[in-house]
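Open the model in your viewer and switch on the side chains. We will go from stop to stop.

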Amino acid sequence: MKLFRQITAILLIILVFVGFDMSVYNLFTKRYINDTSEQMQAKSIELDKYLPFVENSEVVKIDTDFKLTENLPVIDGAAALYPVFSGFVNAVYPEDSVFFDGENFTTESALHYTNTLKAYKAVVDGDADIIFCAEPSQQQLDYAQEHGVELEFVPIGHEAFVFIVSNDNPVDNLTVEQIQGMYSGKYKNWSEVGGDRSVIDPVQRIEGSGSQSVMMSFMGGTPMKKNPFGFMGRAIGFSFRYYVSGIVANGGVKMLSVNEVYPDKENISAGKYPVTVDFYAVYRKDNTNPNVKLLTDWILSDDGQEIIEKSGYIPVE
């Protein structure tokens, strides 16, 4: 009998520890597990998935009469726009202008990918001729000014800026004011915006990233605050619709309607979705390579805009 009680006590202790471990996993660890590929984790996008001049690549491929053969502008840009500017290269550049070592584009390649933060630095420093990004942060504008560089911003397409939550979050719609209130600290619990009694975890991106710069603009100068207890509740995040759509397709998260309008292509094209942004071809005004202007003009042509549309974005017209 004594042995039975001892075994029972041991089993109860084991169950308590198992229950504690599972609680820690579900509350904390599970939220931060990244189950994407190593390349996606390192680069924010799988570069080889959208390589130009590769037969099975998912990059948009079109035929165009416009071709560049020399003085090729070196291009770079944001993760969310990489499939687009890779499509430009596939249509216009010669195949021997791109060098990819299996993980990165090499220094002699005309196509680069470094992300928004480094792309703005690259165009100011002269390491890239044209970059494709959303609007810059104030820090990036200051960097250009400090180096005596004036940048040209050419809008080439539109995209929705979207807000995402986990699939099991009962909230499907928020107003602009509610989202701003969640990030400013006005609302701290989902029950205040139509959800359950969970703490709001307003997730941000690193400063200088394209989405963080747009979010700061969306806040209209109101400082964003982090909730120190947010890890105990439900998160809300933000990004660009195209970049999120692949995650949504894989399950786990959903895009929210804003002001009762869902961010699909139809609503974006019709101007109904309230949070849309332009994305740009950006280059130095003092760049003397004549092909910079020629390529930018072609991007605004029917052929260039076709690549933008078929890549999942909204053409500038």
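This tour visits some aromatic rings and then a glutamine. Keep in mind that the model is predicted.

**Stop 1: a ring pair in helix α3**

Select Tyr 82 and Phe 85. Their rings form an edge-to-face pair, with 5.8 Å from centre to centre and 80° between the planes. Why is the separation about one helical turn? Tyr 82 and Phe 85 are three residues apart in helix α3, which spans residues 82-92. Now check accessibility. Tyr 82 has 0% relative accessibility, so Tyr 82 counts as buried. Phe 85 is buried too, at 0% relative accessibility.

**Stop 2: across to helix α10**

Next, add Phe 88 and Trp 298. The ring centres of Phe 88 and Trp 298 are 6.0 Å apart; the planes meet at 85°, so this pair is edge-to-face. Here the pair links distant parts of the chain. Phe 88 sits in helix α3, Trp 298 in helix α10 (residues 290-299), and 210 residues separate them. Both Phe 88 and Trp 298 are buried.

**Stop 3: the cluster**

Widen the selection. Ring pairs join these residues into a cluster whose members include Tyr 50, Phe 66, Phe 100, Phe 105, Tyr 113 and Phe 132. Tyr 82, Phe 85, Phe 88 and Trp 298 also belong to this cluster. The count of aromatic pairs comes to 17.

**Stop 4: Gln 140**

Finally, go to helix α5, residues 138-146, and pick Gln 140. Is Gln 140 buried or exposed? Its relative accessibility is 8%, under the 20% limit, so Gln 140 counts as buried. What does the side chain of Gln 140 reach? It reaches the backbone oxygen of Gly 208, at 2.8 Å. Show the neighbours as well: Gln 140 touches residues including Thr 116, Leu 117, Tyr 120 and Ser 213.

Note on methods: Residues are numbered from 1 along each chain as its sequence is written. This is a predicted model: local features need pLDDT of at least 70, side-chain atom pairs count only at pLDDT 80 or more; totals for chains, interfaces and linings use all residues. Side-chain values use heavy atoms; hydrogens and water are left out. Rings of Phe, Tyr and Trp (its six-membered ring) pair if their centres lie within 6.5 Å; planes under 30 degrees apart count as stacked, over 60 as edge-to-face and the rest as tilted. Helices (H or I, at least four residues) and strands (E, at least two) are DSSP runs, numbered from the N terminus. Buried means under 20% relative accessible area, exposed over 50%, partly exposed in between (1.4 Å probe, protein chains only). A polar contact is a pair of N or O atoms within 3.5 Å; within protein, one must be able to donate a hydrogen and the other to accept it, and residues adjacent in sequence count only if both atoms are side-chain atoms. Contact means heavy atoms within 4.5 Å. Lists of a residue's contacts leave out its neighbours within four places in sequence.
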